[in-house]
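Hi,

Here's the structure I said I'd pass along. Have a look, and my notes on the packing follow underneath.

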Amino acid sequence: MTDTIPRLESRPGGINIFYKGKYLYHEQSPEEHTRIRAFSVTLPGKSIILLPSPLLGYGIKDLLERLPDSSHLVCLEKDQLLMDITVRTFLHQSLKDPRVSFVRTDSVPALIEYLEKKIDWKRYRKVLLIPLNRGYILYRSFYDEVQKQLLMYLERIHRNRLTTIRLGKRWMSNLFQNLIHLPEAIPLSDLSIRKPPLLLGAGESLEDRFEWIEQVRESVYLIAVDTVLPILSALGVRPDLVVSVDAQAINLQDFLAFPYVGIPLAADLTVYPGILRNWKGPLYLFLSRFESLRWFEDPETYSVLPPLLPPLGSVGNTALYLACTYADASLPVLCLGMDFCYTPGKPHARGAYTHQLYVARHTRLNPSPLLENSMHRQKTTVLSVNGKAVKADPVLQSFLEVARTVCQNEKRTYNLSNRGLDFGASTVEDFCALTSILQLPYPDFRPTISSSSLKSTDQMFSSNPSLLRQPWSAPQIKDFVERLAQNLEEVGDWMEKALSCASTQFTLEENLYPMLESLDFLFLDLPDPPSPDTFDFPKALQISSNIGRYKRILCNVLHALNLRKS
């Protein structure tokens, strides 16, 4: 009898499964041995417990009896034949428990996408792998990779969460202040790129192509991240589009020496307000989904805010996303200066603001003013595209993974840099041939720059309905701001009344929490989102302070809108 089909065998200690030349449970006591194993493992709280190959369900009930309510059990099966057995013999008994998920997949991204809809990743701290049978051995490398990828994803979630705690109030403050620019903004769906887009990041590899950029300038649609602007100013090169996303005032330095006017700017609504206030050209506005806020999903908010983009991390990744989304599907997307690594003490290419700052502070007694700070960051050694070992920090590596995801869905992306890290874009095989092709009169351009196919995969971005928005009107923005300010006023009055009656204990009124949940941007700087059970005095005091901050900002926004109207 063939063993390529799993078969159930009745044994003295219970039913066993024979598959691919081995019994998947203990030969003598399959159920008892598995239950002993289940009782012996430690199940910490706030953990995702990964159980490979649930099979007949032995031990799962024992795990659920001891599983903390703050943890979640993921029963994962790679083999469809084994999953069929689980569905027939056990699955129906545990589907009602919200702490357990049964998943059959051989795709880690698909698993993560499923879990995103079912659990709140921010509430978990660990990912543990607990094999209870030999089904794990059949696909050991797959299950180990799943644990590794889930751990990396969880680390990214918490790294982003720490960033949100530090910058969340600044993002929301900038967002509210920048609402006054929406009536003059152009819908992002109007952006159309009809030449091969050339995306310029500010990595050191950009220095190798200065002359080449000038040579092909008229043949490409030049997209520049804001950090590149001082470099382009020095070269006398005018970009077709500038992209800016950073919320901090330091990024305003990138714009100060930029002499050109009339150039479109694609900016995040959370960008530093001084950048939009001083920009002399068309505005394309969007909003990065920096946090999963209920406020974003509110129909009124959704109708006013600009298109929501996924969290991409860096301005380079955002520019890459826009290039892939709005460039004609027949065109390749060319990338320069997206290195995701740097020489310690020199984070950007020659001529960028940080490089100018480095040169200005360079003295005989302090020859490397930025070196010390860069050396304090944790580093790992990785290989660059030219085979050399370079140092990369975790933040840049997380940006690299996001860029790799974008490039996996867009096979027409090309990396023109001869150093830096591989972010998933194809390498140009013949740079001279590329130059010759780009210099052909458009529209005779034919994207044949390498032997690999340039045919795009399904356009996952262009079909995104959130990118299709109508122009905004000043009365619409004003009404939205007035209603939001009124809601904050109402909640703030309730909070102040409750706080004035409290000393160290804070009692939350039953009808107040749902309104607070609808304004959950008030919680961005809290380590954990409050609930009615965890709403204590310090959290209430912090939220009350946030309400006062945003009320003052919205008052100024209304004043500015009224001045523009008059």
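Before the helix pair, a word on terms: the axes are lines fitted to C-alpha atoms, taken for helices over the stretch in contact, and the angles run from 0 to 180 degrees between N-to-C directions. Also keep in mind that this is a predicted model.

With that in hand, take helix α4 (residues 108–118) and α6: they pack at an angle of about 50 degrees, and their axes are 10 Å apart. Angles of 65 to 115 degrees count as roughly perpendicular and those under 35 as roughly parallel, so α4 and α6 are oblique to each other. The crossing of α4 past α6 is right-handed. On the α4 side the contact uses Val108, Leu111, Ile112 and Glu116, which meet Phe142, Val146, Gln149, Leu150 and Tyr153 of α6. By type, that contact has seven nonpolar residues, one polar and one charged.

Now the cores. The largest nonpolar one has 62 residues, and Phe176, Leu179, Trp295, Phe521 and Leu522 have the most contacts inside it. Among the elements giving it two or more residues are α6 (140–178), β12 (283–288), α17 (474–500) and α19 (537–565). The top contributor is α19, with 10 residues.

Which residues does Phe521 touch, leaving aside those up to four places away in sequence? They are Met172, Phe176, Leu293, Trp295, Leu484, Leu488 and Tyr550.

There's also a second, separate core of 61 residues, with Val220, Ala392, Tyr414 and Phe423 included in it.

Cheers

Terms used. Residues are numbered from 1 along each chain as its sequence is written. This is a predicted model: local features need pLDDT of at least 70, side-chain atom pairs count only at pLDDT 80 or more; totals for chains, interfaces and linings use all residues. Side-chain values use heavy atoms; hydrogens and water are left out. A nonpolar core is a set of buried Ala, Val, Leu, Ile, Met, Phe, Trp, Tyr and Cys residues joined through side-chain atoms within 4.5 Å. Buried means under 20% relative accessible area, exposed over 50%, partly exposed in between (1.4 Å probe, protein chains only). Helices (H or I, at least four residues) and strands (E, at least two) are DSSP runs, numbered from the N terminus. Contact means heavy atoms within 4.5 Å. Angles under 35 degrees count as roughly parallel, over 145 as roughly antiparallel, 65 to 115 as roughly perpendicular and the rest as oblique. A crossing is left-handed if the near helix is turned anticlockwise from the far one by less than a right angle, and right-handed if clockwise. Ala, Val, Leu, Ile, Met, Phe, Trp, Tyr, Cys and Pro count as nonpolar, Asp, Glu, Lys and Arg as charged, and the others, Gly among them, as polar.
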